[in-house]
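User: Please take me through a few side-chain features of this model, one at a time. I'd like the general idea, then the case here.

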Amino acid sequence: MNKTIIPLLLFTIGMLSCKNPQNEIDKVEIAKQYFKSINNSNYSKISKLIADTIITIEGEHKNTYSKKEYFEVLKWDSVFKPNYKIVTITKENENVKAKISKIGKRIAFLHEKPFVMNQTLSFQNNKIASIKTDYLNFDYQTWDKNKSELLSWVKKHHPEQIRFITNMTVSGGVSYVKAIKLYKNRDNVL
């Protein structure tokens with residue numbers, strides 16, 4: 001009887017210790033759904049994909065947001081009609097690495113071309129817990145020139161709009177879009 005129990009016990013332990021690929025969460029698919037949901041401003045879907053606290057890292061800037069706070073940033077960004085395109089996406093260890101192209105009204109005006117960036121999405125309990133962004137083509141000179149010209153013009157011609165630059169709410173985003181539109185149409189005004 002011992003001859004049958006020992007192999008059976010070893011077989012059972014071996015089966016239990018193996019990961020079942022069908023039960024393993026596909027983190028690449030979670031990341032794809034996340035980017036698709038951002039494009040569609042689908043916050044209920046995003047809510048299911050991210051942790052209760054999310055950390056964003058861009059260069060030396062590290063921010064920790066509650067889900068509610070993060071949604072406010074996403075809602076601000078959605079005013080600019082961003083379009084995220086996945087260039088490449090792979091799983092690396094327990095993280096997902098994605099090369100992303102992003103354009104929107106603000107980026108098109110200030111940067112004059114899409115951002116291309118590497119993003120590393122880290123997970124906690126199968127939800128996105130942090131996003132580290134490394135910009136690959138950030139053109140500081142163009143960004144600073146266009147931002148300075150916009151701010152100078154708005155300050156002179158529409159000083160009531162100047163707070164748009166630091167107001168990362170939906171109303172701040174709407175003011176930002178309005179400031180860009182006023183600036184672009186400045187030569188058409190009599």
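Analyst: Let's start with burial: a residue is buried under 20% relative accessible area, exposed over 50%, and partly exposed in between, using a 1.4 Å probe and protein chains only. By that yardstick F80 is buried, at 2% relative accessibility, and W76 is buried too, with a relative accessible area of 8%. Keep in mind that this is a predicted model, where local features need pLDDT of at least 70, side-chain atom pairs count only at pLDDT 80 or more, and totals for chains, interfaces and linings use all residues. Residues are numbered from 1 along each chain as its sequence is written, and side-chain values use heavy atoms, with hydrogens and water left out.

User: How many aromatic pairs does the search find, and what kind of pair do W76 and F80 form?

Analyst: A pair of rings is described by the distance of the centres and the angle of the planes. Rings of Phe, Tyr and Trp (its six-membered ring) pair if their centres lie within 6.5 Å; planes under 30 degrees apart are stacked, over 60 edge-to-face, the rest tilted. Searching the whole structure turns up 15 aromatic pairs. W76 and F80 make an edge-to-face one, 5.1 Å centre to centre with 80° between the planes. Elsewhere, F115, Y135, F138, Y140 and W143 join up in one aromatic cluster.

User: Which ring does the charged end of R106 sit over?

Analyst: The test is NZ of Lys or CZ of Arg within 6 Å of the ring centre and within 35 degrees of the ring normal. R106 has its charged end over the ring of F80, 5.7 Å from the centre. The charged end of K75 sits over the ring of Y43, 5.6 Å from its centre.

User: How many salt bridges does the structure hold?

Analyst: A salt bridge puts a side-chain nitrogen of Lys or Arg within 4 Å of a carboxyl oxygen of Asp or Glu, and the structure holds 8. One of them joins K67 and D52 at 3.5 Å, N to O. K67 belongs to helix α4 and D52 to strand β1 (residues 50–58), so this pair ties together parts 15 residues apart in sequence. Helices (H or I, at least four residues) and strands (E, at least two) are DSSP runs, numbered from the N terminus.

User: Is K67 buried or exposed, and D52 buried or exposed?

Analyst: K67 is buried at 14%, whereas D52 is exposed at 60%.

User: Which side chain meets K75 in a salt bridge?

Analyst: That's E72, at 4.0 Å, N to O. These two are 3 residues apart in helix α4, about one helical turn. E72 is partly exposed at 34%, and K75 is partly exposed at 29%.
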